[in-house]
Amino acid sequence: MLERGEVANSWRHERWDSLRLLTPNWQSRLPRYRYEGADPDGFMTMAQVVQFISRFAALSGAPVRTHSTVTSVRPTDGGYHVTTQTGELRCRTVVLASGACNVASVPPLHQAVPASIRCVTPLEYRNPGQLPEGGVMIVGASATGVQLADEVHRSGRHVTLSVGEHVRLPRSYRGRDVLWWMDASGVWNQRYDEIDDLARARKLPSPQLVGTPEHVTLDLNALSAQGVELVGRLAAVRDGHALFSGGLRNQFALADLKMDRLLDTFDEWARAETRTSEVGPPERFEPTRVPTSTRLTLDLRSGEIRSISWATGFRPDYRWLDVPVLDRKGTLRHEGGVVDAPGMYAIGLPVLRRRKSSFIHGAEDDARDLVDHLVGYLATTA
Ligand SMILES: Cc1cc2nc3c(=O)[nH]c(=O)nc-3n(C[C@H](O)[C@H](O)[C@H](O)COP(=O)(O)OP(=O)(O)OC[C@H]3O[C@@H](n4cnc5c(N)ncnc54)[C@H](O)[C@@H]3O)c2cc1C
């Protein structure tokens with residue numbers, strides 16, 4: 001196992017200070033290993049995640065070579081030639097487990113942002129003290145965007161949150177954590193080959209969730225009630241002006257509709273499985289409130305906004321992969337993690353084999369399936 005940094009590197013070095021997992025402790029599990037502490041419904045801090053994963057690495061005896069950045073993987077006869085900063089390797093199979101979130105996806109329009117504005121990505125952001133005094137625009141309202149909007153607003157800065165397509169979820173539903181419902185009802189286990197529009201499912205934004213000791217819901221209603229200003233999707237930056245789409249009402253209606261559909265699925269499951277006595281009565285939530293007026297433009301040279309945080313998603317970095325397995329958009333071609341090259345596999349990507357594939361608890365089932373395939377490949381090509 002080749003790791004460019006240390007075990008749990010992304011959790012050590014690529015997350016902001018206040019971040020906690022949005023998945024509850026009971027859900028943090030890896031093969032033959034699970035959270036066994038006193039707070040199963042709590043949410044781990046980054047230090048706790050590092051400890052959790054480091055302990056797994058030690059217990060599993062995984063042969064991790066740390067500080068070994070892979071700089072190239074290229075095909076050779078019957079396998080691959082791997083170049084690392086510390087030496088060369090030959091192998092018959094390769095598993096790409098280098099993460100789904102190596103690079104922050106920032107839209108090309110960022111190039112038109114005036115130089116006076118400080119821009120940060122979530123991989124660089126640590127805490128509000130890092131940002132210049134003054135207004136902050138956060139672009140993107142998925143898990144990262146809503147969490148940063150909340151934290152930066154609490155630091156006393158005015159926050160303008162640009163909202164595009166998003167997935168709204170309550171933290172709790174019928175007395176249980178919403179991720180309990182995802183797990184128990186089987187939604188999270190749904191397989192990739194049972195999903196109608198897989199390409200779309202793989203691009204879905206992360207849900208608007210935060211893990212806090214108080215189990216708060218952090219949706220757009222909560223943010224606007226605090227005083228965060230909601231604007232539409234950032235469509236362009238022209239002559240120093242940010243231009244926002246006017247479709248906020250539609251975005252809200254769509255997210256509310258999808259949330260209600262998911263809650264319907266949970267209700268049906270609870271009825272069909274006669275689990276209704278374990279949970280509270282069905283609930284429906286206030287629709288997302290549409291502001292009475294929303295700005296369509298913002299002058300980025302006026303001084304009102306001093307920094308922008310691009311909470312516009314992440315993508316993997318495969319610049320070191322010298323194997324023709326990426327499509328025109330740079331997306332890895334694979335069938336449930338079996339990459340389009342002999343003996344090459346991937347793990348940890350969105351909806352790789354199941355809806356839960358890119359979460360910590362998704363690794364176990366995917367690893368089992370892929371290792372079976374890999375062992376079969378080695379046996380047939382021996
Ligand atoms: C902000 C944020 C919050 C998240 N919150 C949650 C959450 O609450 N719950 C949850 O289950 N999941 C969460 N996730 C998803 C989380 O990243 C995954 O669950 C988990 O990290 C996937 O593990 P992984 O090993 O596949 O990827 P990573 O943790 O990204 O690990 C990949 C490793 O590969 C190494 N690497 C990359 N390139 C190279 C190279 N060329 N050579 C050598 N080594 C390399 C990296 O250093 C890294 O250590 C979150 C993700 C982000 C970005």
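Which polar side-chain atom lies 2.8 Å from an oxygen atom of the ligand? The tour of this predicted model opens with that contact.

**First stop: the ligand**

Select the ligand together with Ser 10, whose side chain supplies the polar atom lying 2.8 Å from a ligand oxygen. Next, add Asn 9; a polar atom of the Asn 9 side chain is 3.5 Å from an oxygen atom of the ligand. Then display the backbone of Ser 358, where a polar atom is found 3.0 Å from an oxygen of the ligand. The ligand on its own has 980 Å² of accessible area, and the protein covers 84% of it.

Now widen the selection to the 24 residues around the ligand, of which Glu 3, Ser 10, Leu 22, Thr 23 and Ile 360 come nearest. Colour helix α1, residues 9-13, for this view: with 3 residues, helix α1 gives the most to the shell around the ligand.

**Second stop: helix α2**

Move to helix α2, which spans residues 46-60, and pick out Ala 58 within it. Ala 58 is exposed, its relative accessible area being 60%. To place Ala 58 against an earlier part of the chain, draw a distance to Val 7: the two C-alpha atoms are separated by 9.9 Å, although the residues stand 51 apart along the chain.

**Third stop: an open sheet**

Select strands β16, β17 and β18, which form an open sheet in that order, with antiparallel pairing. The edges are β16 (234-238) and β18, each of which pairs on one side only. From one strand to the next, the twist averages 20 degrees.

Within this sheet, focus on β16 and β17 (residues 241-244), which run antiparallel and are joined by 4 bridges. Label Arg 238 and His 241 here; Arg 238 stands opposite His 241, a residue of β17.

**Fourth stop: salt bridges**

The model contains 28 salt bridges. A good pair to begin with is Asp 256 and Arg 168, whose closest N and O atoms are 2.8 Å apart. Asp 256 belongs to helix α7 (residues 248-272) and Arg 168 to strand β11 (residues 167-168), so this salt bridge ties together parts that are 88 residues apart in sequence. Are these two residues buried or exposed? Both Asp 256 and Arg 168 are buried.

Continue with Arg 176 and Glu 278, which form a salt bridge with an N to O distance of 3.8 Å. Distant parts of the chain are linked here, 102 residues apart: Arg 176 is in strand β13 (residues 176-177), while Glu 278 is in the loop between α7 and β18 (297-299). Arg 176 is partly exposed, with a relative accessible area of 26%, and Glu 278 is also partly exposed, at 36%.

A further pair to select is Arg 353 and Asp 369, where the N to O distance of the salt bridge is 2.9 Å. Arg 353 sits in the loop between β23 (344-346) and α8 (363-380), and Asp 369 lies in helix α8, 16 residues away along the chain. Arg 353 counts as buried because its relative accessibility is 11%, under the 20% limit for that class.

**Last stop: a network**

Finish by selecting Arg 174, Asp 264, Asp 267 and Arg 284 as a group. Salt bridges that share partners join Arg 174, Asp 264, Asp 267 and Arg 284 into one network.

Definitions and conventions
Residues are numbered from 1 along each chain as its sequence is written. This is a predicted model: local features need pLDDT of at least 70, side-chain atom pairs count only at pLDDT 80 or more; totals for chains, interfaces and linings use all residues. Side-chain values use heavy atoms; hydrogens and water are left out. A salt bridge is a side-chain nitrogen of Lys or Arg within 4 Å of a carboxyl oxygen of Asp or Glu. Helices (H or I, at least four residues) and strands (E, at least two) are DSSP runs, numbered from the N terminus. Buried means under 20% relative accessible area, exposed over 50%, partly exposed in between (1.4 Å probe, protein chains only). Two strands pair if DSSP finds at least two bridges between them. Axes are lines fitted to C-alpha atoms, for helices over the stretch in contact, and angles run from 0 to 180 degrees between N-to-C directions. A residue is near a molecule or strand if one of its heavy atoms lies within 4 Å of it. A polar contact is a pair of N or O atoms within 3.5 Å; within protein, one must be able to donate a hydrogen and the other to accept it, and residues adjacent in sequence count only if both atoms are side-chain atoms. Accessible areas come from the Shrake-Rupley method with a 1.4 Å probe; for residues, only the protein chains shown count as cover.
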